[in-house]
Amino acid sequence: MKKIVILFMHLTFLIAHAQQSKDYTITGKVVDKTTQQPLEYATVTILDATNKVLEGGITNGKGNFSLEVAQGVYTIKVEFISFKSYESKNVTVNKDLNLGTISLEEDLEALGEVEIVAEKSTVELKLDKKVFNVGKDLLTQGGTVNDILDNVPSVTVDAGGGISLRGNGNVRILINGKPSALVANNGLDQIPAETISKVEVITNPSARYEAQGTAGIINIILKKNKKGGLSGSVQLSAGDPRDYRANLNLTYKTDKVNFFTNVGYRNSNFFGEETTRQVVTNNGITTGLTQFNDQDRNDDAHNIFFGGDYYINDKNTLTASFYHTLLNNTDETRLNYSYLDANGAIDSTISRVENYKEPQNFNRLEMNYVKTFDKKGQKLEMDVQYDFWNDDEQESIRQQRTIPTTTDFTTIRSDDVESSKDFLFQTNFVSPLTETSRLETGFRAELRRITSDYMVHIDDQLVPELDNELDYNERIYGAYAQYGDKIGKFSYLLGLRVEHSDIGIDDEKSLFNDDKDYTNLFPTVHLSYEIADRTDVQVSYSRRINRPAFWQLNPFGGLTDFRNLFGGNPDLNPMYTNSFEAAFLKRWGKFSINPSVYYQHTTDFFNFVTNQTADGNFVTFPVNLDTEDRIGLEVSATYNPFKWWRISSEFNFFQYDQKGSFEGQNFDTKDDTWFTRINSRMRFKKGLSMQTSFNYTGRNQNGQTLQKAQYFADFAISKDIFNDKGAITLNVRNIFDSRIQDRVVTGENFRLASERKSIGRRISVTFVYRFNRKKGQRDRLPD
C-alpha cells in the first residue's frame with residue numbers, strides 16, 4: 001500500500017499543470033546567418049502587448065523550437081549569446097504558425113568576450129536513445145564524470161562508484177562511442193565534469209553499437225571546440241575533507257586546424273568505515289564476530305589530454321589525440337576483530353593494519369578520420385585506438401592477536417603487477433537512399449591482453465598456492481547493417497549485428513585454462529510514431545550480451561580482510577538478454593513527461609554467492625544462475641512553473657524473478673524495488689542560482705543478500721562574477737551523511753550484517769573562469 005501511495009504522489013506531480021492546454025503552436029528554426037548552421041540553446045520568448053513574458057523555450061540540437069499559446073497578438077523575440085537579437089512585433093496568432101527559418105547575425109562588438117554555455121541541462125528523446133545535454137548544473141561544479149552521471153535520468157551511482165542503469169549494474173560505459181580502460185580501473189573520477197558535453201542513455205541500443213551490456217549503454221560525449229581563436233577555462237576547487245582540484249582547458253582554432261588540451265590535478269582524502277556482525281552455527285553451537293573497519297584513502301592524480309583536428313578540406317577531417325592519467329592511490333585500513341563465544345562474551349581479539357598502494361598509469365593514443373560526400377547525409381567514419389596501462393597493487397599488512405594474550409606481529413605482503421594492451425579499430429558508413437531513408441553499415445575489431453602477476457609473502461616466506469601469473473586474451477570482431485526510414489508520422493530502424501568472441505584465460509601453473517569461442521546474432525528493432533505535435537510513442541527490441549569482466553574472472557582479489565575475501569570465477573560464462581521497451585513522450589509549453597514500460601529476459605545471469613570456507617572465513621564470487629525476468633515502469637518529467645525555476649523528477653519501479661541453484665543451494669528470488677530522484681534549480685537576479693537534489697532507493701533482495709533502503713540529498717549555490725565570465729559555487733554533497741550501504745547476507749548456517757560508509761559529507765568551493773579572446777567562423781567538423 002505504501003508503494004502505491006508513493007507512486008500515486010509521483011504521478012500526481014507529473015501530471016500537474018499538464019492539462020493547461022494552449023490553442024495554437026508556433027514553430028520555427030534558428031540558424032547562424034553566415035554558416036547556416038543550426039543554433040542550439042537559442043532562447044525564444046513570446047510577449048504580450050505589455051511586454052510581459054507569456055511563454056518561452058530553447059531550440060534543440062537542430063535549431064528547432066515549438067511553443068504553444070492562446071489566440072492573440074504577440075511579440076516574438078529570439079536571442080543567442082554573441083548574436084544580434086531577432087524581434088517580430090504584432091504577430092497575429094489565430095492558427096498554427098510556422099515562422100520558417102530565422103537567421104541571426106553575429107554581434108561583432110560582443111565577439112571575443114563571451115563563451116556560449118548552456119544554462120540548464122535538457123533531455124532529448126531520440127529513436128534509439130535519450131540524450132542528456134549537460135548544462136551549468138551547480139551540483140557538478142568542481143566534480144567529475146561520476147557527479148554528472150549521478151544527475152542523469154535512469155542512472156544511479158552508488159557510494160562506492162558503482163554505476164547502474166535502471167537499477168541494473170550490467171551496463172556498458174563508453175567515452176565518445178568507444179570503450180575505455182578508465183572505466184575498468186575506476187578512472188571516471190579522473191575526468192572533470194567541466195569537459196563533458198552530453199551523456200547518451202541507450203537502454204535498447206541499435207545494431208550500430210556493440211552488443212556488450214545487458215542493461216544498455218551509457219555513452220559519455222566530451223566537449224568539442226566550436227569557436228575560432230583562443231578560448232578556454234580555468235577551474236579551481238577546495239573542499240573538506242581535503243579535496244584540492246585544478247583544471248585548465250584550452251583550445252585554439254583556425255580555418256585549417258583546431259588544437260586542444262586539458263590539464264588537471266586532484267588531491268582528495270576519503271574516510272570510510274564499516275561495521276560487520278557475523279553469526280555462525282556449527283554442530284549446534286553458535287558463535288559470533290564483531291568487526292570494525294576504518295579506512296583513510298588518499299588519491300593523488302594528474303591528467304593531460306591534448307590533440308588536434310586537421311581540416312583537410314570541407315569534406316575530410318583528421319583528428320589525433322593522446323590522453324595520460326597517473327593516479328597514486330594510498331590507503332590505510334585498520335581492522336579490529338572481536339570473536340564471541342556461545343554466551344556472547346569476547347573470547348579473543350585480533351588487530352590488523354593494512355597499508356595499500358596502487359599506482360595506476362593509463363595512456364591512450366587515438367586517431368579519427370571523417371569524410372563527408374556530395375550526397376547530403378552520407379558519411380564515413382574510421383577510428384583507431386590504442387590503450388596501454390599499468391595497475392600495480394601493493395598490500396602490506398601487520399596482524400596481532402591481543403586477547404587472551406598478546407602475540408608477535410605477523411606480516412603479510414601481497415603484490416599484483418597488472419598491465420594491459422588494448423587495440424580497437426572500427427568504421428561506420430552512413431548512406432541516405434532516399435530523402436527519408438538511410439542504410440548504415442560498419443565493422444569493429446577489439447583486441448585486448450591483460451597480464452596479472454600475483455604473489456603473497458607471510459613473514460617473508462612465499463606462499464606457493466598464492467603465487468601465479470594469469471593471462472587474459474580477448475578478441476572480439478563485429479559487423480552490422482541497419483536500415484531506417486520515415487513514412488509520414490511513422491519511423492522505423494531495423495538492424496542486425498553479428499559478433500564473434502574468442503576469449504582465453506590461462507596461468508603459468510595451468511590451474512585456470514579456459515577458452516571460450518562463440519558467434520552470436522543480435523537483432524534490433526526501433527519503431528516510433530508521432531501521435532500529435534510534440535507527442536511521440538516508441539517501441540523497441542534488442543538482444544544483448546554481457547561478457548565477464550577481467551575482475552570477475554581473476555581468482556586473486558586481495559587479502560585486506562581475511563575474514564571476507566573476494567575472488568573471481570575463471571569459468572564464468574557470458575549472459576544474454578532479450579530486451580523490450582515501450583516509451584511515450586509528451587511535451588507541453590512548460591511541462592514534459594516520459595513514461596516507459598520495459599521487460600528483460602536474461603539467461604545465465606550473474607549472481608554473487610557467499611560461502612564459508614573450511615577455516616571459518618567467507619569468500620564471495622560470481623556464478624551463473626539460470627534466468628532472470630525483469631519488468632518495470634519508469635516515469636521522468638520536467639516542469640518549469642516560472643522562467644527562473646525548473647523541477648525535474650523520475651520514478652522507477654521494477655519487479656524481478658530470479659531462478660537458479662549452485663552446488664545444491666537454491667537461489668530462487670522474486671522481489672521488487674524502486675528508486676526516485678527530484679531535482680530543483682532556481683535562478684534569481686544578479687547571477688545567483690541554487691540547486692537541490694534528493695535521491696531515494698528502496699530495499700531489494702536476491703538469493704542471499706538483502707540491501708536496505710538508502711537516501712541522500714545534495715545542495716549547491718552559485719554566484720556569477722566578472723560580467724558572467726566566472727562563477728563561484730558552494731557545493732554540499734550528501735548533506736545528511738546518509739549514503740550508507742546497509743546489507744544482510746544469509747547462508748545455510750551463517751548471517752553477515754554490515755553497515756558501510758565509503759563517502760561521507762563533502763563540502764567544496766569551486767571557482768570557474770571562462771574566456772574567449774576571439775571568435776571567428778563556427779565549427780567546420782562534418783555533421
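**View 1. S29 runs alongside S33 in a three-stranded sheet.** In this predicted model, S29 and strand S33 (residues 618-624) run parallel and are joined by three bridges. Here a strand is a DSSP run of E of at least two residues, a helix is a run of H or I of at least four, and both are numbered from the N terminus. Two strands pair if DSSP finds at least two bridges between them. One pair to look for is Asn564, whose bridge partner in S33 is Phe618. Zoom out a bit and you get an open sheet of three strands with mixed pairing, ordered S29-S33-S32. Strand S29 (564-566) and strand S32 (606-612) sit at the edges with a single partner strand each, so one side of each has no neighbour in the sheet. Direction ignored, neighbouring strands of this sheet are turned by 30° against each other on average; axes are lines fitted to C-alpha atoms, for helices over the stretch in contact, and angles between N-to-C directions run from 0 to 180 degrees.

A word on the model before moving on: it is predicted, local features need pLDDT of at least 70, side-chain atom pairs count only at pLDDT 80 or more, and totals for chains, interfaces and linings use all residues. Residues are numbered from 1 along each chain as its sequence is written, and side-chain values use heavy atoms, with hydrogens and water left out.

**View 2. Another open sheet has the order S4-S1-S7.** This one has three strands and mixed pairing. Its edge strands, strand S4 (64-69) and strand S7 (97-104), each pair on one side only. From one strand to the next, the twist averages 25°. Strand S1 (residues 24-32) pairs with S7 in the parallel sense over six bridges. To find your place in that pairing, start at Val31, whose bridge partner in S7 is Ser103.

**View 3. S16, S17 and S18 are linked by hairpins.** Strand S16 (residues 243-253) and strand S17 (residues 257-282) run antiparallel, with 11 bridges joining them. Their hairpin has three residues between the strands, and Thr251 has Phe260 of S17 as its bridge partner. S17 then pairs with strand S18 (residues 285-313), again antiparallel, over 26 bridges. The S17-S18 hairpin has two residues between its strands, and Asn283 in the turn has a positive phi of about 55°. Val280 is the bridge partner of Thr287 in S18. S17 also runs antiparallel to strand S45 (residues 750-757), joined by eight bridges, with Val279 partnered by Arg751 in S45.

**View 4. S21, S22 and S23 follow one another through two hairpins.** Strand S21 (residues 379-403) runs antiparallel to strand S22 (residues 410-432), and 21 bridges join them. Six residues lie between these two strands in their hairpin. Met382 stands opposite Thr427 in S22. S22 is also joined by 21 bridges to strand S23 (residues 438-458), and those two run antiparallel. Their hairpin goes through five residues, and the bridge partner of Phe425 in S23 is Ala445.

**View 5. The largest nonpolar core has 25 residues.** A nonpolar core is a set of buried Ala, Val, Leu, Ile, Met, Phe, Trp, Tyr and Cys residues joined through side-chain atoms within 4.5 Å. Buried means under 20% relative accessible area, exposed over 50%, and partly exposed in between (1.4 Å probe, protein chains only). The residues with the most contacts inside this core are Leu149, Val155, Ile163, Ile196, Val199 and Ile218. Helix H2 (145-149) supplies at least two of its residues, and so does each of strands S10 (155-157), S11 (163-165), S12 (171-175), S13 (196-202) and S14 (216-222). Another core, of 21 residues, lies apart from it and includes Tyr518, Leu572, Tyr576 and Phe667.

**View 6. Ser206 sits in the loop between S13 and S14.** Ser206 is buried, with a relative accessible area of 2%. The Ser206 side chain makes a polar contact with the side chain of Gln482 (3.4 Å). For such a contact, a pair of N or O atoms must lie within 3.5 Å; within protein, one must be able to donate a hydrogen and the other to accept it, and residues adjacent in sequence count only if both atoms are side-chain atoms.

**View 7. The whole chain, for context.** The protein chain has four helices and 46 strands. Of its 783 residues, 52% count as buried.
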